[in-house]
Amino acid sequence: MFENLMTWIESAINYTNGLLWGSVLIYVLVAAGVLFTLRLGFIQFRLFGHGVKLVIQGREKIDGISSFQVFCTSMAARVGTGNMAGVAVAITVGGAGAIFWMWLIAMLGMATAFIESTLAQVYKVKDSEGQYRGGPAYYMERGLGKRWMGTIFSILLIIAFGFAFNSVQANTMTDALNNAFGFDKTIIGLVIVLASAYIICGGLKKVAKASELIVPVMAVAYLAIALLVLVTNIEQVPAALSLIVKSALGWEEAAGGAMGAMMAGIARGLFSNEAGMGSAANIAASATPNPNHPASQGFVQMIGVFVDTIVICSSSAAIIMLSGVLDAPNGQEGIGLLQLALNNELGAWSSYFLAFAIILFCFSSIIANYSYAESNVMFLTKSKKVLFIFRGLVLAMVMAGSVASLSLVWNFADVSMGLMALVNIAAIVMLSKVAYAVIKDYERQLKSGVTPTFDSTQFPEIDNLEGGIWVNKNQKTVESSAETNKA
């Protein structure tokens, strides 16, 4: 009976997954990306350099969670199994053309990420401990006046990031360590649970500090290995790029055809960079922005999408495509395909390196995913007891994911992500005028040569802003001086 129930659940998930990604989300995500790209005047290209500058400036020490720590936390969530196993799955299912669609959805998604993260900063709040919190649930309640919508989003995000995505990360970690060293998956799962518990019980600040340490190390190490593979196979690069474009546009036979490549590339691209899902917006709201303007986090998160997909996902694709593992059937999929590719190129030692990389990538994703979910748990209820129970459930799902079926876990994650993205995109389209006005204000100040600051009194059309957060400090000084003169 249990087996019949699991079969029915898997069939239902697969059906919903096919409906979302085959008929709905692909068009919604591309349309939203195109709309925001046009309305913002291709800002992801025009001001790309400025975005990079803000990420670097965000390293300054401040009281609270810095912009760079937020960038690292969002990258910790983005850079994980989707950048390695996800890329391998996309190529296996959709052929080389899937990479083209991953690139395209990332470039369009940079504008979407800009909008949602700016809105998250605009409508953020301060909790009883002085920590900034925000994200889609908050801008749905405060910006749209629809708490019910924020509640639906919160529940979906908790399911997706607190449970489904963390089980995917744990699944990938145990697979990699089992393949490389033959370690027992149950034991690996217990170790992951204990390490995760140590970090997540410290709250957002501990997650941010851990991410700031882990993310730069793991990114640089992985890119160095990918660069080594690229340099040793440099003569094959033009042919690989040509195959990607031809497969994407249907000019050359692909594993799943042009439509299969599109679906696989967009699904795996969104899973990796999260643009439009509203997930990264949760941590974006936690930043104490520098400069003191909501749009600054829009720039930072825009760069995050670029680094995740255009840089790191492309590195995984290069390793797989240049290694020759696609030339003959090998029975591998997911992370196993990437491990085989590295073995072919660099030798057996690379399996150990990849296992180490996966530990960093996936573990950092688990703790960052938890931070997203925590903000939404606190949106639903301020109860510390509920938060304690939630942490226990997250750890239980990490353990379950360590020994679960790969296909079922991936499909469940896709469904959760898809539903979440639909709710979020509806909200940011309805609030887009607010985002456009705020971003336009930032650009106006930037062009005039001053450091952009946000004065909430200049935006009477924006309601329900948290008192005291968004007031121009310079204006306060002027008012204080005026009062002193009167006296």
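This passage describes the salt bridges of a predicted model and the surroundings of one valine. Local features require pLDDT of at least 70 and side-chain atom pairs count only at pLDDT 80 or more, while totals for chains, interfaces and linings use all residues. Residues are numbered from 1 along each chain as its sequence is written, and side-chain values rest on heavy atoms, with hydrogens and water left out.

Side chains of opposite charge can pair when their charged atoms come close. Here a salt bridge is a side-chain nitrogen of Lys or Arg within 4 Å of a carboxyl oxygen of Asp or Glu. Across the whole structure, the search finds five salt bridges. One of them joins Glu374 to Arg133, with 2.9 Å between the closest N and O atoms. Glu374 lies in helix H16 (residues 349-380) and Arg133 in strand S2 (residues 132-133), so this pair ties together parts that are 241 residues apart in sequence. Helices (H or I, at least four residues) and strands (E, at least two) are DSSP runs, numbered from the N terminus. Both partners, Glu374 and Arg133, are buried. Buried means under 20% relative accessible area, exposed means over 50%, and partly exposed lies in between (1.4 Å probe, protein chains only).

Glu374 also forms a salt bridge with Arg391, the closest N and O atoms being 3.5 Å apart. Arg391 lies in helix H17 (residues 384-402) and Glu374 in helix H16, so the pair ties together parts that are 17 residues apart in sequence. Arg391 counts as buried because its relative accessibility is 15%. Glu374 counts as buried at 2%. Arg133, Glu374 and Arg391 are thus linked in a network of salt bridges.

A further salt bridge pairs Glu141 with Arg147. Their closest N and O atoms are 3.1 Å apart. Glu141 has 28% relative accessibility, so this residue counts as partly exposed. Arg147 is also partly exposed, at 34% relative accessibility.

Attention now turns to the valine. Val434 is found in helix H19 (residues 432-447). Its relative accessible area is 13%, so Val434 is buried. Residues up to four places away in sequence are not counted among its contacts. Beyond them, Val434 touches Leu119, Tyr123 and Ile462. Contact here means heavy atoms within 4.5 Å. Val434 and Val122 are 312 residues apart in sequence. In space, their C-alpha atoms are 9.1 Å apart.
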